[in-house]
Amino acid sequence: MAPIVSVRDLTKTYAGGFTALDGVSLDIEEGEIIALLGPNGAGKTTLISTICGITMPTGGTVEVGGHDVVRDWRRARDLIGLVPQEIALEPFSTVWNNVRFTRGLFDRPRDDAHLERLLRDLSLWEKRDAKVMELSGGMKRRVLIAKALSHGPRILFLDEPTAGVDVELRRDMWRVVERLRGEGVTIILTTHYIEEAEAIADRIGVISKGRIMLVERTEDLMRRLGRKELRIELAEPVETLPDTLRREGLERVDGGQALVYTYDTHAERTGITALLADLQAAGLQLADLSTSNSSLEEIFVGLVKEDAA
Ligand SMILES: Nc1ncnc2c1ncn2[C@@H]1O[C@H](COP(=O)(O)OP(=O)(O)OP(=O)(O)O)[C@@H](O)[C@H]1O
């Protein structure tokens, strides 16, 4: 099946000369949830805005549902719902009218039942007659989501959806995302939180300095990167490792006072039992043992550092 979003060699250099996207290519399949992960300023928002036809590319192409987002922007945009990072709402208008107006912009027939369901899902129904300016920041974010979904888009973009939102909104949001997933809606979100990406995304793309560094199925990425460290404090330091202990992943550290064994938490065998047996056989006395997660956060920081190196 043709991808629903196809990005080819996309570049964006802003008027001031700054290159925010530097040759990005990415295919997104219909119905998948993809998380774009990257530090501040990596180019995530620029990528989303360009796919949505809001930012003009300086090179390359983007097709959404087979429509070029520049030449055929209206048809491409019609398939898209965008929840932006910044709150941009009509402050004097009510919640209901804000959402209904957006649906109207997409030339959809009136469908109050659809809008009611959306507002209920987002715990906004009680506030439907309130003016947007009277709402809290969290409520305004809910309105942004309702607006983005008002015309029943096939693709939903969520730009940093959970930055600074409370637990309830996060929960409501993920409930809506689950429902949309069930309906086959494609979801593209940007986030700083790798745990969030891991929890909901089918694939994770890592962006740094305007480039896609990797795109992988979440489970493959986690398997590849899901490593843990076992630290073995020795009663007496060892000068060199006996041959019977030499193996992949084992290192002498702190002048031989400790050994660090890195293993794959997903592997069928971690090799820990054999290692401990070999340590005993080699006559090494253990003073202490501890394990630490190579946390997903650290992995991410590591990836970005790698790029900077
Ligand atoms: N209109 C603009 N003019 C000039 N530079 C811009 C413009 N918009 C963004 N940039 C720059 O492009 C780079 C990428 O910005 P972008 O907002 O895409 O990053 P991001 O990954 O979404 O970051 P964040 O997580 O902070 O939102 C940044 O260095 C930013 O300063």
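## Ligand shell and helix α6

The end C-alpha atoms of residues 5–234 lie 55 Å apart, and this span is 34% helix and 30% strand. The UniProt record, an unreviewed entry, places "domain: ABC transporter" on residues 5–234; such annotations may be inferred rather than shown by experiment. Please keep in mind that this is a predicted model, where local features need pLDDT of at least 70, side-chain atom pairs count only at pLDDT 80 or more, and totals for chains, interfaces and linings use all residues. Residues are numbered from 1 along each chain as its sequence is written.

Let us start with the ligand. Its surroundings include Tyr14, Phe18, Asn40, Lys44 and Thr45 (near means a C-beta atom, placed from the backbone, within 6 Å). The shell divides into four nonpolar, seven polar and one charged residue, with Gly counted as polar. Helix α1 (residues 44–51) gives the most to this shell, with three residues; helices are DSSP runs of H or I with at least four residues.

Now to helix α6. Its 16 residues, 167–182, should span 22 Å at 1.5 Å a residue, and the end C-alpha atoms, 23 Å apart, agree with that; the expected span is 1.5 Å times one less than the number of residues.

| Side of α6 | Residues |
|---|---|
| Buried (20 or more other C-beta atoms within 10 Å) | Leu169, Met173, Val176 |
| Exposed (12 or fewer) | Val167, Glu168, Arg171, Arg175, Glu178, Gly182 |

Seen down the axis of α6, the buried residues fall within an arc of 65 degrees, so they line one face of the helix. After α6 comes glycine 184, with a positive phi near 80 degrees.

How values were computed: Helices (H or I, at least four residues) and strands (E, at least two) are DSSP runs, numbered from the N terminus. The arc is that of the directions from the helix axis to the C-beta atoms.
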